[in-house]
Amino acid sequence: IKEIKQTNPSNLAMKHFDESYFASLPADLQERFIACVRTGFENPDSGMGCYAMTPSDYDTFNAFFDPVIRDYHRAAPDAV
């Protein structure tokens, strides 16, 4: 992931992947989170690089998905 952040900065999932956030998740959520971002590290040239596996993932992993989606849509941090 660190390498992809540097070599493919347009891969939004890897750009916004935060190791400390990941480490703060319990093991079961780490597994779910990896499922969401797997395409980003398996396909480094992906533009988005992540997908919610279930609708609830957007809430569960809001700290990750919110900045990714805002970056994708070029929305300001305070946009509703």
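The paragraphs below go through this predicted model, from its overall build to its aromatic cluster and then to a few single residues.

The protein is built from helices, with 6 of them and 0 strands, so that the order of elements from the N terminus reads α-α-α-α-α-α. For a chain of 80 residues, a compact globule would be expected to have a radius of gyration near 12 Å, and the protein agrees with this because its own value is 12 Å. Along the principal axes, the C-alpha atoms occupy a box of roughly 30 × 30 × 20 Å. Of the 80 residues, 32% count as buried, while the exposed surface of the protein comes to about 5,100 Å², with carbon and sulfur atoms supplying 53% of that area.

The contacts and charges fill in this general picture. Among contacts in the protein with a separation of 6 or more, 51% are made by residues that stand 24 or more positions apart. As for charge, the protein carries 7 positive and 12 negative side chains, and the centres of these two sets are 4 Å apart.

The aromatic residues deserve a closer look. Across the whole structure, a search finds 8 aromatic pairs. One of the aromatic pairs joins phenylalanine 22 and phenylalanine 33, whose rings lie 6.1 Å apart from centre to centre, with 40 degrees between their planes, an arrangement that counts as tilted. Because phenylalanine 22 belongs to helix α3 (residues 19-24) and phenylalanine 33 to helix α4 (residues 27-42), this pair ties together parts that are 11 residues apart in sequence. Phenylalanine 22 has a relative accessible area of 19%, and it counts as buried because the cut-off for that class is under 20%. Phenylalanine 33, with a relative accessible area of 1%, is buried as well. A second pair is formed by phenylalanine 64 and phenylalanine 65, and this pair is edge-to-face because the ring planes meet at 70 degrees, with the ring centres 5.2 Å apart. Phenylalanine 64 and phenylalanine 65 are both buried. Taken together, ring pairs link Phe17, Tyr21, Phe22, Phe33, Tyr58, Phe61, Phe64 and Phe65 into a cluster.

Phe64 also leads to the surroundings of alanine 13, a residue of helix α2 (residues 12-16). Alanine 13 is buried, with a relative accessible area of 0%. Once neighbours within four places in sequence are set aside, alanine 13 is in contact with Met48, Gly49, Cys50 and Phe64, the last of which is a member of the aromatic cluster described above. Serine 24, by contrast, is 11 residues from alanine 13 in sequence, and the C-alpha atoms of the two are 18 Å apart in space.

Asparagine 62 is found in helix α6 (residues 62-73) and, at 40% relative accessibility, counts as partly exposed. Leaving out neighbours within four places in sequence, the contacts of asparagine 62 are with Asp57 and Pro67. Between asparagine 62 and proline 26, which are 36 residues apart in sequence, the distance from C-alpha to C-alpha is 15 Å.

Threonine 7 has its place in helix α1 (residues 2-7) and is exposed, with a relative accessible area of 51%. The C-alpha atom of threonine 7 is separated by 8.4 Å from that of proline 44, although these two residues are 37 residues apart along the chain.

The walk through the model ends with arginine 74, which lies in the segment after α6. Most residues other than glycine have a negative phi. Arginine 74 has a positive phi of about 55 degrees although it is not a glycine. With a relative accessible area of 77%, arginine 74 is also exposed.

Notes:
Residues numbered from 1 in each chain as written. Heavy atoms only, no water. Helix = DSSP H or I, 4+ residues; strand = E, 2+ residues; numbered from the N terminus. Rg over C-alpha atoms; globule rule 2.2 N^0.38 Å. Buried < 20%, exposed > 50% of the residue type's maximum accessible area, 1.4 Å probe, protein only. Contact = heavy atoms within 4.5 Å. Areas by Shrake-Rupley, 256 points an atom, 1.4 Å probe, with all protein chains shown as cover. Lys, Arg positive; Asp, Glu negative; His and termini not counted. Charge placed at Lys NZ, Arg CZ, Asp CG, Glu CD. Phe/Tyr/Trp six-rings, centres within 6.5 Å; stacked < 30°, edge-to-face > 60°.
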